[in-house]
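Student: Could we walk through this model together? I'd like to know what makes each label fit.

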Amino acid sequence: VEVKIEVVIPEKERSKEEMSPNGKASPLIYKVNGTARHYHLEEHPIASNPYHNTKDVVEASVCHVKDLENGQMREVDLGCGKALLIKESGEFHAVGHKCPHYGAPLVKGVLSKGRVRCPWHGACFNIGTGDIEDFPGLDSLPRFQVKIEKEKVYIRASKQALQTQRRTKMMAKCISLSNYNLSSTNVLIIGAGAAGLVCAETLRQEGFSDRIVMCTMDRHLPYDRPKLSKSMDSHPEQIALRPKEFFCTYDIEVLTEMQVAAVDVKSKIAVFKDGFKMEYNKLLIATGNTPKTLSCKGKEMENVFNIRTPEDANRVVKLATSKNVVIVGASFLGMEVAAYLAERAHSVSLVELEHVPFKKFFGERVGRAVMKMFENNRVKFYMQTEVSELREQEGKLKEVVLKSGKVLRADVCVVGVGAVPATGFLKQSGINIDSKGFIVVNKMMQTNIPGVFAAGDAVTFPLALRNNKKVNVPHWQMAHMHGRIAALNMLAHGMEISTVPYLWTAMFGKSIRYVGHGEGFDDVVIQGDLDELKFVAFYTKSDEVVAVASMNYDPIVSKVAEVLAAGRTIRKRDVDAVVFLSFRTGDMSWLTGKGT
């Protein structure tokens with residue numbers, strides 16, 4: 001269904017809008033014939049009355065009004081699909097029952113203060129509207145009509161919405177792309193990851209109808225980058241965040257294989273590596289990180305990979321099958337790649353400087369438990385050493401030599417030794433960069449230059465959870481939120497970021513979920529059984545719990561996320577008693593209010 005809106009702009013206001021900030025005629029606004037402009041808004045399905053086609057509608061009685069208490073959720077079957085029925089504050093709501101991100105059953109999630117949080121990856125949805133309020137993922141939930149008759153609860157829903165279990169929020173289109181100057185745009189987004197895409201989509205959702213251009217060094221449209229190490233044989237079209245038609249429909253232009261070499265913030269011009277220049281009005285820098293490489297002899301030879309693209313991941317899988325693989329670095333990427341290749345390769349060896357994997361992030365005890373799981377799956381560890389040389393035979397990798405003296409047979413080598421922010425092109429720009437190369441932004445994702453925003457892995461920002469300490473949080477979920485906050489503040493909404501960091505890793509069919517920011521933790525309190533890989537780890541600093549990780553204990557991490565999002569503080573002394581017992585019983589009453 002298409003809603004057409006005509007906006008009539010007075011001649012005086014139109015003349016102002018056609019001027020750029022420097023007072024010259026702006027190429028960003030198309031040449032108007034008359035005073036009327038048109039743009040379209042689209043939504044699937046439309047919220048006001050989605051049931052024009054009665055053949056697409058199903059209505060069913062799903063329960064008695066007394067079957068659900070306040071704060072309860074139930075998955076109900078309408079015959080041609082399921083919905084999530086929720087009762088909160090005496091009112092019933094019905095939305096899609098699956099998280100649009102990866103399909104998690106939301107009935108196993110966490111209901112708190114008008115929203116439901118996904119048990120797997122922490123995305124949040126408003127129970128009244130279905131709108132996504134925290135990430136990851138791009139789509140919202142469909143919302144269904146609920147009515148009460150004779151103390152029975154009925155749900156009326158679109159069959160199509162029941163089947164798709166997702167809803168794309170209302171978006172504007174560009175006014176008239178055909179009349180734009182190709183070398184000018186209103187919004188330029190450098191980087192086409194989660195932050196860049198969410199920024200572009202949010203602008204359209206908020207009714208922004210001027211030109212948006214995204215540029216990326218990648219050859220593909222935005223894709224689900226975490227799957228490069230978790231599902232390595234996925235093809236680009238399988239992990240695309242949006243199909244090509246989406247970008248055409250909503251006039252979001254994506255320039256692929258285009259690298260920005262410099263930014264002139266005074267003239268508001270981005271200079272590309274090939275010499276092309278583009279003028280902008282607002283700029284988002286979301287360039288992410290660049291993987292570090294090895295510094296030893298032989299690092300440039302064939303079959304040595306930094307996994308950066310789907311092609312990299314696909315080629316590693318092909319070359320590693322029934323061969324010997326050496327992975328350098330027990331990082332998230334290195335460990336996920338090792339887990340994925342363990343059943344496919346002849347051998348998988350992992351080289352790491354620390355004595356256990358994930359020590360700085362999850363702590364030694366959790367790291368040892370994960371290491372044991374890997375060893376039980378035929379992964380061999382070589383700890384507290386590093387690579388001194390890569391040897392070749394007939395131009396291809398043959399051996400990896402360690403500083404310990406050990407020589408490993410290797411047909412493929414994957415390097416996962418960290419990354420640096422991809423901000424080198426900004427060194428002479430005047431944009432504030434810290435000593436580690438991160439772009440410094442405020443709570444609204446603004447840099448020190450008016451009209452220039454930054455988001456994602458390449459930034460440090462004030463984290464509300466840690467008393468606004470400037471931190472770098474290179475998480476997929478956080479990049480989504482950065483992009484949204486940047487877009488809203490491009491439109492002068494004055495929105496500050498307050499989201500709680502949430503991440504996950506998947507290995508051998510098991511997931512570790514993590515919430516908070518545990519940098520600098522000084523103790524770890526473990527509940528559960530590490531040997532059985534069923535545990536919760538509370539990371540504390542002084543007396544405060546700053547992060548929580550779990551395995552096989554869903555939805556405990558999502559519950560903690562709601563605690564932290566509510567402004568509550570969990571104290572170390574409460575872990576054994578109040579906190580853990582509350583989680584086990586499902587009692588969330590202690591969430592009420594703020595404080596400790």
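Tutor: Sure, and one yardstick first: by relative accessible area (1.4 Å probe, protein chains only), buried means under 20%, exposed means over 50%, and partly exposed is in between. This is a predicted model, where local features need pLDDT of at least 70 and side-chain atom pairs count only at pLDDT 80 or more, while totals for chains, interfaces and linings use all residues. Residues are numbered from 1 along each chain as its sequence is written, and side-chain values use heavy atoms, with hydrogens and water left out.

Student: What makes D233 buried, exposed or partly exposed?

Tutor: D233 has a relative accessible area of 39%, so it is partly exposed. You'll find D233 in the loop between α4 (227-230) and α5 (244-249). Those names come from DSSP runs numbered from the N terminus: helices are H or I with at least four residues, strands are E with at least two.

Student: Which residue is 85 residues from D233 in sequence, and how far away is it in space?

Tutor: That's K318, with a C-alpha to C-alpha distance of 8.4 Å from D233.

Student: And why is E336 called buried?

Tutor: Its relative accessible area is 4%, which is why E336 counts as buried. E336 sits in helix α7 (residues 332-341). E336 and T505 are 169 residues apart in sequence, but 7.5 Å apart in space, C-alpha to C-alpha.

Student: How many disulfides are there, and how do you know?

Tutor: Zero turn up in a search of the whole structure. Take C99: the nearest cysteine sulfur, that of C118, is 3.9 Å away, and C99 is in no disulfide. Seen from C118, the nearest cysteine sulfur is that of C99, again at 3.9 Å, and C118 is in no disulfide either. To count as a disulfide, a pair of cysteine sulfur atoms has to be within 2.5 Å.

Student: Why do C99 and C118 count as buried or exposed?

Tutor: C99 has 3% relative accessibility, so it counts as buried. C118 is at 2%, so it counts as buried too.

Student: What makes a space inside the protein a cavity, and how many are there of 30 Å³ or more?

Tutor: On a 1 Å grid over the protein atoms alone, a cavity is a set of points where a 1.4 Å probe fits but cannot get out, and a lining residue has an atom within 4 Å of a point. Points are joined across faces, edges and corners, and the volume is the space filled by probe spheres set on them. The count here is one cavity of 30 Å³ or more, and the largest cavity holds about 80 Å³ of space.

Student: Which residues line the largest cavity?

Tutor: I132, F135, G137, L138, K169, V198, E201, T202, Q205 and R484. Helix α3 (residues 194-205) gives the largest share of that lining, four residues.

Student: Why is the largest cavity said to lie between two domains?

Tutor: Domain 1 (57-164) and domain 2 (170-292 + 420-499) both give residues to its lining, so the largest cavity lies between them. The domain bounds come from an automatic or database domain assignment.

Student: Where are the cis peptide bonds that involve F135 and D554?

Tutor: One joins F135 and P136, with omega about 20 degrees; P136 lies in the loop between β10 (132-134) and β11 (143-149). Another joins D554 and P555, with omega about 0 degrees, and P555 is in the loop between β39 (544-551) and α11 (556-565).

Student: What makes F508 and S542 worth a look?

Tutor: Their phi values. Most residues other than glycine have a negative phi, and most peptide bonds are trans. Phi of F508 is positive, near 55 degrees, and phi of S542 is positive, near 60 degrees. F508 is in the loop between β35 (502-507) and β36 (510-516), and at 22% relative accessible area it is partly exposed. S542 is in the loop between β38 (534-541) and β39; its 59% makes S542 exposed.

Student: How do you know the length of helix α9 agrees with what is expected?

Tutor: The expected span is 1.5 Å times one less than the number of residues. Helix α9 (residues 364-375) has 12 residues and should span 16 Å; its end C-alpha atoms are 16 Å apart, so the two agree. Its buried residues are V366, G367, A369, V370, M371, M373 and F374.

Student: And why is α11 called mostly covered?

Tutor: Nine of the 10 residues of α11 are buried, including I556, V560 and L564. After α11 comes G567, with a positive phi near 85 degrees.

Note on methods:
1 Å grid on protein atoms, 1.4 Å probe; cavity = no way out; pocket = protein on both sides within 12 Å on 5 of 7 lines; lining within 4 Å.
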